[in-house]
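Work through the exercises below with the sequence and the structure side by side, and try each task before you read its solution.

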Amino acid sequence: MMSQHRNSALAPTAANAIDDDLILDAAYQLFLSVGPRRLTMADVARHTEVSRATLYRRWPNVRSLIGAIVTREWSTLAAATFRPGDGPARAQLVRAVVAMVTAIREHPLLRGIVERDPEFLLPYVLQRRGSSTELQLSTLETAIRAGQADGSVRPGRPELLAEAVLLASMSFVLSARAITRDRAADHARGAARNSASSASRTGATDDLDAELAVLIDRYLAP
């Protein structure tokens, strides 16, 4: 009886006995340690003491697991940035979009993917919408409808306007560092020796994000 009890205590826990967020938390920490290419379902299963078979019932592969992590992180950011506030809905939307762009671009999750496995992003950039994209479009569309209701956003199909805003914003997320690289390097060379180049890069992207605010504001203006 003692042997049977010991064996059952050491057996992997059934996946349905563990909350999704606990598994995603563990997978996220592993992701930050090893990157997307070296992350395996076996590692996640071992780290969470969940059997691989039951883990695969929730996420069929590592890509879907990382996708779930991305969706959760972006959902958290969207909830924090797209909150009702004072002033016209268009101004609130512009502030939220710029804040979201900055937060995603600097997020350790995206930085890890871009630096270690940028090919992971290609299907979502070139071929299909992911869950996080659908979430972002829905959030933008809701904000645009609010702006149209208060007269601060021009008439038009809200879903189409949302797609245009998201496409513009995505370029500022994915390409801003490449576009501002030379300007940031110039700033770094002209700065004092103890000034970090990363601070120069941040300043360069801040300038660009200010232009994004102008771009979106004028695009949506009546």
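**Exercise 1. Find the polar partner of Arg90 and describe the surroundings of Arg90.**

Solution. Begin with the side chain of Arg90, where a polar atom lies 2.6 Å from the backbone oxygen of Ser152. This is a predicted model, in which local features need pLDDT of at least 70, side-chain atom pairs count only at pLDDT 80 or more, and totals for chains, interfaces and linings use all residues. Residues are numbered from 1 along each chain as its sequence is written, and side-chain values use heavy atoms, with hydrogens and water left out.

Next, place Arg90 in helix H6, which covers residues 89-106 (helices are DSSP runs of H or I with at least four residues, numbered from the N terminus). Leaving aside residues up to four places away in sequence, Arg90 touches Ser152, Val153, Asp217, Leu220, Ala221 and Pro222, where contact means heavy atoms within 4.5 Å.

Finally, decide on burial: Arg90 counts as buried because its relative accessible area is 19%, and buried means under 20%, exposed over 50%, and partly exposed in between, with a 1.4 Å probe and protein chains only.

**Exercise 2. Decide whether Val125 is buried, partly exposed or exposed.**

Solution. First locate Val125, which is found in helix H8. Then take its relative accessibility of 42%, and therefore class Val125 as partly exposed.

**Exercise 3. State how confident the predictor is, and where pLDDT stays under 50.**

Solution. Start with the average pLDDT of the protein, which is 84, while 82% of the residues score at least 70 (pLDDT is the predictor's confidence in each residue, from 0 to 100). Then look at residues 1-13, where pLDDT stays under 50 and the model has eight contacts beyond four places in sequence. Residues 192-200 also stay under 50, with four such contacts.

Definitions and conventions: Helix = DSSP H or I, 4+ residues; strand = E, 2+ residues; numbered from the N terminus. Polar contact = N/O pair within 3.5 Å; in protein donor to acceptor, adjacent residues only side chain to side chain.
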